[in-house]
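Student: I'm new to this structure and would like a close look at one part of it. Could you pick a strand and walk me through its surroundings?

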Amino acid sequence: MSDYKSELVRTLVERGYHFQATDLDGLDARASTGIVTGYIGFDATAPSLHVGSLVQIMMLRRMQQAGHKPIILMGGGTSKIGDPSGKDKSRSMMTDDTIDANKASILTAFGKLVQIGDGPTDALVVDNDDWLSTFGYLDFLRRFGPHFTINRMMTFDSVKLRLEREQPLTFLEFNYMLLQAVDFLELNRRHGCTLQLGGGDQWGNIINGVELCRRVDQAEVFGFTTPLITTASGAKMGKTADGAVWLNADQRSPYEYWQFWRNTEDGDVGRFLRLFTDLPLAEIAQLEALEGAGINDAKVRLANEATTLLHGADAARAAEETARQTFAQGGSGAALPTVEFEGLAGGEVTLASLFVAAGLAASNGEMKRHIKAGAAKVNDQTLTDIAALAGGSDIVDGAIKLSIGKKRHALAKPI
């Protein structure tokens, strides 16, 4: 056990969230004597966040569980610029309507993981467009430009790495770190926010905000970052062969979400249980110690706990039962991802096209490779012909079961 006095810092350290902090002892002292208000910013670049952002949302959950107040900062303003951190290309420019729609959609996942409301420790939702859009260009430069030097900005990874890879960095993106620093200053003034949390790639941006608060208002604030979450094999968290693992159910079904966690690598089970579930550390230690076939029980527990947090206990139970039917009994669980087609029984649709429509293959070319490798199955029978047509005899119990390998399945149903 750590020697930290506050439940917040102790939890963040013991469960594996800590990578860097500006003054961890100072934050611990502050958190042990009163409510700390802390924020994380999320740009509205898509209709949903994915699992790669889940560690950040879980930190806001940990704040709330420890009796502190989280702020969800929606980047309505910064989404118009685009964060260059960790990217080789500029983001596409989005319209205001797209940004607004994305913000509303993203917040649906937050409501499952943190309590949003008006209470002392309820999460507060704020949009940085409320202040960023009010600045005139010259006004912004006069207020904040003197506090940043090009020399220092060039040393931050978000800038340095882009230039080292000889990729263009627009002046628009170069301004992003100034905007994020101003966010911290505004949140400190408006809501008494004294903590910014984020991923390790945000360290430079967070440092800028901490220093701006100190220089302009002589305010003592803190920064805290998590390590980059990768799998035991080195893959980036939240990415799979068939795309990003989205948090919103309309973009990644609860079953697919459950299956993502069930497929966790053996070496990641304990770490992911600490980061992404509320299970006590003692129980996690027992699950982490399981060996052989027992590690699969730990993976099922991880999948159930993570899915329950986001989609509810009923969805987790249904996903586990679907997996049991699909894998243990060779059946076709009702909660599998489903696509619907006209003409499915009349020989009008190729079986291969169903795999593509269901997201099990990206193209006909990829389907050819799956068929050649013997990995594509229809109703648990190997598919050998790319041109084979679906027919009434393929529909079993109202659907055609499609499989790639042993772990990826979907259903095709007639309309």
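Tutor: Here is a walk around one strand, β5, followed by a shorter look at another strand, β14.

Before we start, this is a predicted model, so to speak: local features need pLDDT of at least 70, side-chain atom pairs count only at pLDDT 80 or more, and totals for chains, interfaces and linings use all residues. Residues are numbered from 1 along each chain as its sequence is written, and side-chain values use heavy atoms, with hydrogens and water left out.Helices (H or I, at least four residues) and strands (E, at least two) are DSSP runs, numbered from the N terminus.

Let's begin with β5 itself, which covers residues 195-199. Five of its five residues are buried, where buried means under 20% relative accessible area, exposed over 50%, and partly exposed in between, using a 1.4 Å probe and protein chains only.

Now for the neighbours. Strand β5 belongs to an open sheet of six strands in the order β1-β6-β5-β2-β3-β4, and the pairing there is mixed. Two strands pair if DSSP finds at least two bridges between them. At the edges of this sheet stand β1 (20-21) and β4 (124-127); each has a single partner strand, so one side of each has no neighbour in the sheet.

On one side, β5 pairs with β2 (residues 37-43) in the parallel sense over two bridges. Look for Y39, which stands opposite Q196 in β5. The partnership with β6 (residues 222-226) is parallel too, with five bridges. Here L195 stands opposite F222 in β6, and G199 has T226 of β6 as its bridge partner.

How does the chain get from β5 to β6? Helix α11 (residues 203-217) joins in, and β5, α11 and β6 make a right-handed β-α-β unit. Right-handed means that, with the strands pointing away from you, the path from the first strand over the helix to the second runs clockwise. Helix α11 lies across β1, β5 and β6, and runs at about 170° to β6. That angle is taken between N-to-C directions on a scale from 0 to 180 degrees, with axes fitted as lines to C-alpha atoms, for helices over the stretch in contact; contact means heavy atoms within 4.5 Å.

For a second strand, try β14 (residues 400-404): five of its five residues are buried, so the rest of the structure largely encloses it. In a regular strand the side chains alternate between the two faces of the sheet. In β14, I400, L402 and I404 point one way, while K401 and S403 point the other way, and all are buried.

Strand β14 sits in an open sheet of five strands, ordered β9-β15-β14-β11-β12 with mixed pairing. The edge strands are β9 (338-341) and β12 (381-382), each pairing on one side only. Three bridges join β14 to β11 in the antiparallel sense, and K377 has S403 in β14 as its bridge partner. With β15 (residues 408-414), β14 runs antiparallel over five bridges; one of the pairs is I400 with A412 in β15. The strands β14 and β15 form a hairpin with three residues between them, and G405 in the turn has a positive phi of about 65°.
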